[in-house]
Amino acid sequence: MGVKDQRLLSPAAVQLLKSGGSTLALWNLEPRDWENTRTWPARALAQAARYEHSVLLAHELPSGAMDHLDEFLRRAADAGYSVVADFPVSCTPIVRGEQVGPLDPYVTPAAGSPRP
């Protein structure tokens, strides 16, 4: 799975997102669909079981991974998951420029400056 930690954002990036009225959406499922295009649906579902709400990162590359999107959606529905276009609050710490969730885990503090 990808790493969401202090290497993700700088304080300047946070300020730019806020001042621009942007929304920051983070994912918590990365099934590495580009590595084994056939088995990523099973990996994604195994990862999803660890969270109350999940945001899946899947890549539309010419790798063939999206040939298995229908399988993922079918298996997710069979497991009782709902697929929606909304992001859970836990994955959107900035919404329309307003900080609505914690950013500390994702921001590299500038030397001598407080965290955003």
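In the predicted model, R32 is partly exposed, with a relative accessible area of 29%. This residue belongs to the loop that links α1 (11-19) and α2. The phi angle of R32 is near 55°, a positive value in a residue that is not glycine. A positive phi is also found at R96, where the angle is near 50° and the residue is again other than glycine. R96 is placed in the loop between β1 and β2 (98-99). With a relative accessibility of 67%, R96 counts as exposed, because the cut-off for that class is over 50%.

The loop that contains R32 leads to helix α2, which spans residues 40-48. Within α2, the buried residues are W40, P41, A44, L45, Q47 and A48. Viewed down the axis of α2, these buried residues fall within an arc of 160°, so they line one face of the helix. An α-helix has 3.6 residues a turn, so residues three or four places apart point the same way. The partner against which the buried residues of α2 pack is α3 (69-78).

The arrangement of this helix pair was examined next. Two packed helices are described by the angle between their axes and the distance between the axes. For α2 and α3, the packing angle is about 35°, and the axes lie 9 Å apart. The crossing of α2 past α3 is right-handed. On the α2 side, the contact is made by W40, P41, A42, A44 and L45; on the α3 side, L69, E71, F72, R75 and A76 take part. By residue class, the contact of α2 with α3 comprises 8 nonpolar residues, no polar residues and 2 charged residues. Among the participants from α2, W40, P41, A44 and L45 are also listed as buried residues of that helix.

Beyond α3, T92 is situated in the loop between that helix and β1 (94-95). T92 has a relative accessibility of 7% and therefore counts as buried, the cut-off being under 20%. The side chain of T92 has a polar atom 3.3 Å from the backbone oxygen of P88. When residues up to four places away in sequence are not counted, T92 touches T23, L24, A25, F87 and V100. T92 thus contrasts in accessibility with R96: T92 is buried at 7%, whereas R96 is exposed at 67%.

Key
Residues numbered from 1 in each chain as written. Predicted model: local features only at pLDDT ≥ 70, side-chain atom pairs only at ≥ 80, totals over all residues. Heavy atoms only, no water. Buried < 20%, exposed > 50% of the residue type's maximum accessible area, 1.4 Å probe, protein only. Helix = DSSP H or I, 4+ residues; strand = E, 2+ residues; numbered from the N terminus. Arc of directions from axis to C-beta. Contact = heavy atoms within 4.5 Å. Polar contact = N/O pair within 3.5 Å; in protein donor to acceptor, adjacent residues only side chain to side chain. Axes fitted to C-alpha atoms, helices over the stretch in contact; angles between N-to-C directions. Left-handed = near helix turned anticlockwise from the far one by under 90°. Nonpolar A, V, L, I, M, F, W, Y, C, P; charged D, E, K, R; others polar.
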